[in-house]
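This report covers domains, helix packing, the ligand shell and backbone exceptions. Look over the model before reading on.

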Amino acid sequence: MAVQADQADQADQAPRPQDLRVAIIGAGMGGLATALALAKKGFSNIHLYENAPGLGFVGAGIQLAPNLVRILTRLGCWDAIEQEATEVLETSIRDGATDAELTHVHMPNIRKMYGYPHCTGHRASLAGSIYDACLKEPGITFHFGCTFEEITAYTPRVAFTVTRRASTPNSPATPDTPAEETLHETADVFLAADGVKSKTRTQMMATLGHEASVEDTGQAAYRIMIPREKMQHDPEMLALLDSNQVTRWIGAKRHWIAYPVHNKTIYNMSSTQPDEHFAAAPSATYTTTGSKADMIGVFNDFCPLVHRLMDLVPEGEVCEWKLRMHKPLPTWVHATVALIGDACHPTLPHLNQGAAMAIEDAAVVAEVLSRAPDTDPATLHRCLKIYEFVRKKRTTTLVDLAAFSGRTLHLGDSKAKEERDRLFAASKQSGANVPDKWASPDVQKMIYSHDCMKLTADMFDGLYELL
Ligand SMILES: Cc1cc2nc3c(=O)[nH]c(=O)nc-3n(C[C@H](O)[C@H](O)[C@H](O)COP(=O)(O)OP(=O)(O)OC[C@H]3O[C@@H](n4cnc5c(N)ncnc54)[C@H](O)[C@@H]3O)c2cc1C
């Protein structure tokens, strides 16, 4: 009896994974969601380091697919986003030059089929809602103005350095505050959601003797947002803004995708085109203010409606992003360090799944770490390998499919384009096999029905024995 009581006492006192010190790098979609998902599992010592002095997001729209909405709902931050989101009920794929419709896909049953809607929203609303939910969690501490520099040891605990700059919202400058200081930090688990330029990825791959070079896609994207006031004089434009439709205009090597956001008060447009402005500085910069004249020139042969929309953007409000990828990595995990989101699987945007994949990663990391039977580093490593196992095949499939879909959308005059347009026309009748994979019901089924949290919970015990 006494032995049993002792054992019970010891079990009560045994360290729990929830007490581990977890460091997260990056307050983008992946990092914020990781912090929140871990806090929801009871983790109480989570430290998030973000380079920027505060939360700041490029004003732009984002598609919120059912697989993402499922997780946001479970994390308790969907309701606020939904209030300003637009439910997508149809999509129209059009020839950029003539505005002729190539296909039209109705999707009124997405909510019924997958249990969650497909919406478009504002990036600031997605990030802001996850951040607000994080602020309600006492276990999460934000360190803004803190740049992760280097991992100095992987074992027995992760040791790393951070440069902290003075004068951030949570540490205002004083006469005694140094402008910059180096912090020496440690963590039991180190989760790097530091984006496509991830320093952690470069360092981890160098430690393991692998190359981790970024791949140039040769593509860039313009992102513009047009307020309702500017569109309301034009019935054709207003119909787009008041619709529940995503519209794509496609041409050789280029396209626009557009949809209403923010309670239909803003029309969000995002393009893809050959990268001509960043090519000279491939690793230095990723976003810049684009020239309106250049943008109009790139889409010179597109139809009058697209030109009328582009004309409405004020000079200085054209944002241009360089689109970046890198070759698949041999691993995402070393010791108790793991990569998350764009740090390990950056993607072209053609399936609209980049943020969704980062947030799915976050949910899976929380599932595996909360199930760790003990807090030994070897156990935590095993759990992180389960995360990698569950996520790698799926994200590789989606990244490849996004690239494939982009190649199909961007075909120039050729036999292949004729065949694509024949398939577009056939899909109008059948509602299936749409060459734009984002809009194809078979691909949507594969992406939207995926419940990564349930899958991880179901597979954890078996994988723990195997890996
Ligand atoms: C044109 C375009 C359209 C897109 N449309 C969609 C869409 O419709 N739907 C969708 O799901 N996805 C979309 N995406 C993809 C999506 O935006 C990204 O995949 C997603 O934001 C990745 O999130 P992340 O957290 O991994 O990285 P990021 O959002 O890049 O966040 C990384 C964070 O880490 C910080 N950081 C970096 N280095 C350090 C350091 N050393 N120390 C401290 N902090 C650091 C950065 O400041 C940043 O805050 C689109 C992308 C593009 C380019």
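## Helix packing around α12

Axes here are lines fitted to C-alpha atoms, for helices over the stretch in contact, and angles run from 0 to 180 degrees between N-to-C directions. The model is predicted. Two packed helices are described by the angle between their axes and the distance between the axes.

Start with α2 and α12. Their axes come within 8 Å and cross at roughly 30°. Angles under 35 degrees count as roughly parallel, so α2 is roughly parallel to α12. The crossing of this pair, α2 and α12, is right-handed. On the α2 side, the contact uses Met29, Gly30, Ala33, Thr34, Ala37, Leu38 and Lys40. On the α12 side, the residues are Ala355, Ala358, Ile359, Asp361, Ala362, Ala363, Val365, Ala366 and Leu369. By class, the contact of α2 with α12 holds twelve nonpolar, two polar and two charged residues.

Next come α12 and α13. How do their axes cross, and at roughly what angle? The axes of α12 and α13 come within 9 Å and cross at roughly 160°. Angles over 145 degrees count as roughly antiparallel, and α12 and α13 are therefore roughly antiparallel to each other. Their crossing is right-handed. From α12, the contact takes Met357, Asp361, Val364, Val365, Val368 and Leu369. From α13, it takes Cys383, Leu384, Ile386, Tyr387, Val390, Arg391, Thr395 and Leu398. The contact of α12 with α13 divides into eleven nonpolar residues, one polar and two charged.

## The oblique partner

Helix α3 (residues 66–74) also packs on α12. The angle is about 40°, and the axes lie 9 Å apart. The pair α3 and α12 is therefore oblique. α3 passes α12 in a left-handed crossing. Asn67, Leu68 and Ile71 of α3 make the contact with Ala356, Ile359, Glu360 and Ala363 of α12. These contact residues comprise five nonpolar, one polar and one charged.

Some α12 residues serve two partners. Ile359 and Ala363 appear in the contact with α3 and in the contact with α2. Asp361, Val365 and Leu369 appear in the contact with α2 and in the contact with α13.

## The ligand shell

Which residues come nearest to the ligand? Of the 33 residues around the ligand, Gly26, Gly28, Gly195, Gly341 and Gly354 come nearest. The elements giving two or more residues to this shell are α2 (29–40), β2 (46–50), β3 (61–64), β9 (146–153), β18 (319–326) and α12 (354–370). The largest share, four residues, comes from α12.

By class, the shell has 16 nonpolar, 13 polar and four charged residues. It draws at least three residues from each of domain 1 and domain 2.

## Domains and their contact

The domain assignment gives domain 1 (16–89 + 120–214 + 328–466) and domain 2 (216–324). Taken over C-alpha atoms, the centres of domain 1 and domain 2 are 26 Å apart. The contact takes 23 residues from domain 1 and 27 residues from domain 2.

Which elements give two or more residues to the side of domain 1 that touches domain 2? They are β4 (86–87), β7 (119–122) and α13 (377–409). β7 gives the most to this side, with three residues. The side of domain 1 that touches domain 2 has eleven nonpolar, nine polar and three charged residues. Helix α13 thus has two roles to inspect: it gives residues to this side of domain 1, and it packs against α12.

## Backbone exceptions

Most residues other than glycine have a negative phi, and most peptide bonds are trans. Two sites depart from these rules. The peptide bond from Thr155 to Pro156 is cis, with omega near -5°. Pro156 is found in the loop between β9 and β10 (158–165).

The other site is Asn263. Its phi is positive, about 50°, although Asn263 is not a glycine. Asn263 lies in the loop between β15 (254–261) and β16 (266–274).

Notes. Residues are numbered from 1 along each chain as its sequence is written. This is a predicted model: local features need pLDDT of at least 70, side-chain atom pairs count only at pLDDT 80 or more; totals for chains, interfaces and linings use all residues. A residue is near a molecule or strand if its C-beta atom, placed from the backbone, lies within 6 Å of it. Ala, Val, Leu, Ile, Met, Phe, Trp, Tyr, Cys and Pro count as nonpolar, Asp, Glu, Lys and Arg as charged, and the others, Gly among them, as polar. Domain bounds come from an automatic or database domain assignment. Angles under 35 degrees count as roughly parallel, over 145 as roughly antiparallel, 65 to 115 as roughly perpendicular and the rest as oblique. A crossing is left-handed if the near helix is turned anticlockwise from the far one by less than a right angle, and right-handed if clockwise. Two residues are in contact if their C-beta atoms, placed from the backbone, lie within 7 Å.
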